[in-house]
Amino acid sequence: MAGTNIVNADRISKSWGTRTVLSEVSLGLSTGDVIGVVGRNGDGKSTLLALLTGSLEPDSGTVTRTNGISIGVLAQAETRRDQTVRDLVVGGQPDHVWAANREARPIVEDMLSDIDLDRAMADLSGGERRRAALVSIMLGDHDLLVLDEPTNHLDIEGVQWLADHLRHRNCAQVIVTHDRWFLDTVATRTWEVHDGSVDTYEGGYNDWMFARAERQHQADAAEQRRQNLARKE
């Protein structure tokens, strides 16, 4: 059964200087969707996420979001450093409070077991700050998770844990990652961002590769027929 539409983009365009990154793109996002976003570096994946979440406005077109929707965003930008890990992850709660939460405790203990919650964010490495930011989003009650390269700085066990967690998460998700296994494990649909447009495919990374090759084959065959007809004429 189709989910309820929560974010809708209608003919959105965005340019940086003289370069058009997205041109009149229309797409929708519904409850239950888990979208993997693929494309070459610089083709507009992060720009698309920023437009969908409202941190960036399109040059033209509109993005509408369901009133009251909660969106958790893991962006590639740096997190705030003027707070402790405890402040960011559990809102400053003491251990006996957050540890009593059956949902929060395994997430914090599995992902941040090597980090003292009272350490300043400024004292962490880039990978540790990234991990803390990811955990803070996982602990939120969001309708939509938008994750830009969430597997960066995670070891194999961390990637496996995140995939298992997201597969059991009851919310819409949009994920940019170069991790093919991760996309195949979690994504139900794939958006390919290229040449100012976004193509939609069913399934994860391998399904996308197969479907893209089939589309190219059909396009080549159609072009060959066109050329043959032109020669006959």
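Leaving aside neighbours within four places in sequence, L166 touches M138, L145, L147, Q173, I175, F182 and V186 in this predicted model. A separate core of 27 residues also exists, including V7, I12, L52 and L144.

L166 belongs to the largest nonpolar core, which has 33 residues; V85, L112, M138 and L166 have the most contacts inside that core. Six elements are listed in the table, each giving two or more residues to the largest core. Helix α5 supplies the largest share, six residues. Nonpolar side chains in soluble globular proteins tend to be buried together.

| Element of the largest core | Residues |
|---|---|
| α2 | 85-90 |
| α4 | 104-111 |
| α5 | 126-138 |
| β6 | 144-148 |
| α6 | 156-167 |
| α7 | 180-186 |

Helix α1 covers residues 45-53 and is largely enclosed by the rest of the structure, because eight of its nine residues are buried. The buried residues of α1 are K45, T47, L48, L49, A50, L51, L52 and T53. Just after α1, G54 adopts a positive phi of about 95°.

D33 sits in the loop between β2 (19-30) and β3 (34-38). With a relative accessibility of 12%, D33 falls under the 20% cut-off and therefore counts as buried. The D33 side chain reaches the backbone nitrogen of S30 at 2.8 Å. Beyond its neighbours within four places in sequence, D33 is in contact with G28, C171, A172, Q173, T188 and R189. Q173 is thus a contact of D33 and also a contact of L166.

Technical notes: Residues numbered from 1 in each chain as written. Predicted model: local features only at pLDDT ≥ 70, side-chain atom pairs only at ≥ 80, totals over all residues. Heavy atoms only, no water. Core = buried A, V, L, I, M, F, W, Y, C linked by side-chain atoms within 4.5 Å. Buried < 20%, exposed > 50% of the residue type's maximum accessible area, 1.4 Å probe, protein only. Helix = DSSP H or I, 4+ residues; strand = E, 2+ residues; numbered from the N terminus. Contact = heavy atoms within 4.5 Å. Polar contact = N/O pair within 3.5 Å; in protein donor to acceptor, adjacent residues only side chain to side chain.
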